[in-house]
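Let's take a walk through this model together. Have the sequence and the 3D view open side by side, and we'll go from the whole chain down to single residues.

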Amino acid sequence: MGLGGCIILIAVGAILTFATDWDMQGVNLDLVGVIFMIVGLIGVATFSSIARRRRVVMPPTTPVVEERPHSRDGYHNGYGA
């Protein structure tokens, strides 16, 4: 179950708990809604901890260029050989 499924569980649980007044014999819809919200929150916490562990820092793909120090003598001044 992904993050979207967890958010849907939380929303459905909140709707069942706070926005309905249905009466079903043998089923307490307020309790079912609270259970859905708790399961959704546990799923969000689990998903976020797994997603945090999955993040891997990749090294840059551009090559690193090292510069050599320039000598300033009379023979190699950077204009030719």
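## From the whole chain to its helices

Of the 81 residues in the protein, 12% are buried. Keep in mind as you read that this is a predicted model. On the surface side of the ledger, about 7400 Å² is exposed, and 64% of that area is supplied by carbon and sulfur atoms. As for secondary structure, you get two helices and zero strands. If you like contact maps, here's a number for you: among contacts with a separation of 6 or more, 47% are between residues 24 or more positions apart.

Start with helix α1, which runs over residues 3-18. Its 16 residues reach 22 Å from the first C-alpha to the last, close to the 22 Å expected at 1.5 Å a residue. Which residues of α1 are buried? They are C6, G13, L16 and T17. These buried residues cover an arc of only 95 degrees around the axis, so they sit on the same side of α1. Turn the helix around and the picture flips: I8 and F18, on the other side of α1, are exposed.

I8 is also a handy way into the next feature. Together with V12, L31, I35, F36 and V39, I8 makes a nonpolar surface patch of about 490 Å². Two elements, α1 and α2 (29-54), give two or more residues to this patch. Of these, α2 provides the largest share, with four residues.

Now zoom in on V12, one of the patch members. V12 lies in helix α1. Is V12 buried, exposed or partly exposed? Its relative accessibility is 34%, and because the partly exposed class spans the range between under 20% (buried) and over 50% (exposed), V12 counts as partly exposed.

For a contrasting case, hop over to helix α2, where G43 lies. G43 has a relative accessible area of 14%, and therefore it is buried. How far is the C-alpha atom of G43 from that of G4? The two C-alpha atoms are separated by 10.0 Å, while the residues are 39 apart along the chain.

To pull the threads together, put both helices on screen again. On α1, you can pick out the buried residues C6, G13, L16 and T17, with exposed I8 and F18 on the other side. Then colour I8, V12, L31, I35, F36 and V39 to bring up the nonpolar patch, and finish at buried G43 in α2.

How values were computed
Residues are numbered from 1 along each chain as its sequence is written. This is a predicted model: local features need pLDDT of at least 70, side-chain atom pairs count only at pLDDT 80 or more; totals for chains, interfaces and linings use all residues. Side-chain values use heavy atoms; hydrogens and water are left out. Buried means under 20% relative accessible area, exposed over 50%, partly exposed in between (1.4 Å probe, protein chains only). Contact means heavy atoms within 4.5 Å. Accessible areas come from the Shrake-Rupley method with a 1.4 Å probe; for residues, only the protein chains shown count as cover. The expected span of a helix is 1.5 Å times one less than its number of residues. The arc is that of the directions from the helix axis to the C-beta atoms. Patches are made of residues with over 30% relative accessible area and no salt bridge: like charges are joined within 9 Å, nonpolar side chains (Val, Leu, Ile, Met, Phe, Trp, Tyr) within 5 Å. A salt bridge is a side-chain nitrogen of Lys or Arg within 4 Å of a carboxyl oxygen of Asp or Glu.
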